[in-house]
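Work through the following exercises with the sequence and the structure at hand. Try each task before reading its solution.

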Amino acid sequence: MSADLGLPPVLSPDEADKAVRLAAPRGYCAGVDRAVITVEKALDLYGAPVYVRKEIVHNKHVVGDLAARGAIFVNELDEVPEGATVVFSAHGVSPAVHAEAEQRSLKTIDATCPLVTKVHLEAVRFAKEDFDILLIGHAGHEEVEGTMGEAPDHTQLVEGPWDVDKVVVRDPKRVVWLSQTTLSVDETMATVAALRERFPELLDPPSDDICYATQNRQLAVKEISPGTDLVIVVGSANSSNSVRLAEVALEAGAKAAYRIDDASEIDEAWLTGVSTVSVTSGASVPEELVQGVITYLKERGFPDATQVHTAEESLIFALPPELRKDLRAAEQATR
């Protein structure tokens with residue numbers, strides 16, 4: 001009866017002492033959504049197999065689901081048969097990869113996130129203006145490799161403040177910093193501050209390189225972490241933005257924080273003595289994986305989750321133009 005009257009549900013004594021907070025926004029960002037839909041529609045349109053260079057997004061469940069539908073994930077283009085269709089991941093590729101695809105007559109669909117493309121274009125522009133480019137990011141990350149490939153002779157990687165003393169530039173008055181889009185905002189700005197101490201005339205990028213979704217998810221986790229006994233971040237180990245969320249949670253005051261791929265990775269010992277749990281997910285995580293964690297907690301005596309909203313997201317990116325063109329042609333052919 002209480003539910004019909006709009007009253008809060010009656011909680012057991014155990015539940016009354018517990019709380020689950022769910023960050024909003026969380027999960028898929030516009031760039032990830034676009035990339036995943038790109039592979040799905042390519043499979044529908046061209047049929048399997050469709051090749052994908054690297055993981056389309058950094059989430060093992062998404063990759064596994066697409067592989068089951070006929071996507072074949074490869075590390076390099078020499079694994080793709082000549083003339084086949086290949087999708088470039090959301091993290092972007094260097095001009096050398098585009099050139100190799102053309103040489104091997106591959107049909108390419110570029111699912112690079114437009115916000116990553118923006119950083120690529122910034123690198124091209126500043127290289128043309130003969131700036132030294134200091135790219136803040138993680139060595140070996142696909143996004144970093146793609147961005148550095150745009151202007152390799154002008155760009156050097158700075159992984160953190162500890163790298164700043166190693167930086168050598170030609171002209172301290174012509175230096176600009178750019179960044180990987182999925183970094184911790186606070187850590188990035190600490191690196192920028194250290195760079196600016198060495199190079200007072202360091203130029204900022206024209207607009208934030210760290211993407212809106214990364215920033216929003218970090219702000220949300222900062223909101224739900226203070227005083228929380230446990231923060232659970234859903235996301236894969238190779239997802240930079242997911243790993244950063246767990247770090248940000250601890251910095252914001254959570255007593256413990258763990259990153260998991262799904263509910264099966266939760267150690268029940270983490271819940272011992274825990275009354276408040278906060279949950280969020282990285283930008284490449286399907287919502288059903290988050291709901292799996294919520295279900296896991298409910299089965300162990302925790303109440304329904306309360307969403308904590310810190311931002312609204314409505315951005316949508318159009319599908320890659322080469323795919324849109326083929327979709328239109330297929331639609332016209334069936335009329």
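**Exercise 1. Aromatic pairs**

Task: In this predicted model, decide whether Phe-126 and Phe-131 are buried or exposed, and find how their rings are arranged.

Solution:
- Step 1. Phe-126 and Phe-131 are both buried.
- Step 2. A pair of aromatic rings is described by the distance of the centres and the angle of the planes.
- Step 3. There are two aromatic pairs in the structure. One of them is formed by Phe-126 and Phe-131, with 5.5 Å from centre to centre and 75° between the planes. Planes over 60 degrees apart count as edge-to-face, and this pair is edge-to-face.
- Step 4. Tyr-258 and Trp-270 also pair: their ring centres are 3.8 Å apart and their planes are at 0°, so this pair is stacked.
- Step 5. The pair of Tyr-258 and Trp-270 links distant parts of the chain, 12 residues apart. Tyr-258 belongs to strand β10, while Trp-270 sits in the loop between β10 and β11.
- Step 6. With a relative accessible area of 32%, Tyr-258 is partly exposed. Trp-270, at 18%, counts as buried, because the cut-off for buried is under 20%.

**Exercise 2. Cysteines**

Task: State how many disulfides the structure holds, and explain why Cys-211 has no bond to Cys-29.

Solution:
- Step 1. The number of disulfides is zero.
- Step 2. For Cys-113, the nearest cysteine sulfur is that of Cys-29, 6.0 Å away, and Cys-113 is in no disulfide.
- Step 3. A disulfide needs two cysteine sulfur atoms within 2.5 Å. The closest cysteine sulfur to that of Cys-211 is in Cys-29, at 5.6 Å, which is too far for a bond.
- Step 4. Cys-113 is buried at a relative accessible area of 10%, and Cys-211 is buried at 11%.

**Exercise 3. Parallel strands and crossovers**

Task: Describe how β2 pairs with β3 and how β9 pairs with β10, then give the handedness of each crossover.

Solution:
- Step 1. Strands β2 (residues 50–53) and β3 (residues 71–74) run parallel and are joined by four bridges. Opposite Val-50 stands Ala-71 of β3.
- Step 2. Between these strands the chain passes through helix α3 (residues 60–69), and the β-α-β crossover is right-handed.
- Step 3. Strand β9 (residues 230–234) pairs with β10 in the parallel sense, also over four bridges. Val-231 has Ala-257 in β10 as its bridge partner.
- Step 4. Helix α9 (residues 240–251) completes a β-α-β unit with β9 and β10, and this unit is right-handed.

**Exercise 4. Two buried polar residues**

Task: Place Asp-262 and Gln-218 in the structure, and list what each is in contact with beyond its neighbours within four places in sequence.

Solution:
- Step 1. Asp-262 is found in the loop between β10 (257–260) and β11 (276–281). Its relative accessible area is 13%, so Asp-262 is buried.
- Step 2. Beyond its sequence neighbours, Asp-262 is in contact with His-61 and Leu-289. Its C-alpha is 7.5 Å from that of Val-290, although the two are 28 residues apart in sequence.
- Step 3. The side chains of Asp-262 and Ser-264 are joined by a polar contact of 2.3 Å.
- Step 4. Gln-218 has its place in helix α8 (residues 212–224). At 4% relative accessibility, Gln-218 is buried.
- Step 5. The contacts of Gln-218 outside its sequence neighbours are Leu-183, Ser-184, Val-185, Arg-244, Leu-245 and Val-248.

Definitions and conventions: Residues numbered from 1 in each chain as written. Predicted model: local features only at pLDDT ≥ 70, side-chain atom pairs only at ≥ 80, totals over all residues. Heavy atoms only, no water. Pairing = 2+ DSSP bridges. Helix = DSSP H or I, 4+ residues; strand = E, 2+ residues; numbered from the N terminus. Right-handed = clockwise from strand over helix to strand, strands pointing away. Buried < 20%, exposed > 50% of the residue type's maximum accessible area, 1.4 Å probe, protein only. Contact = heavy atoms within 4.5 Å. Polar contact = N/O pair within 3.5 Å; in protein donor to acceptor, adjacent residues only side chain to side chain. Phe/Tyr/Trp six-rings, centres within 6.5 Å; stacked < 30°, edge-to-face > 60°.
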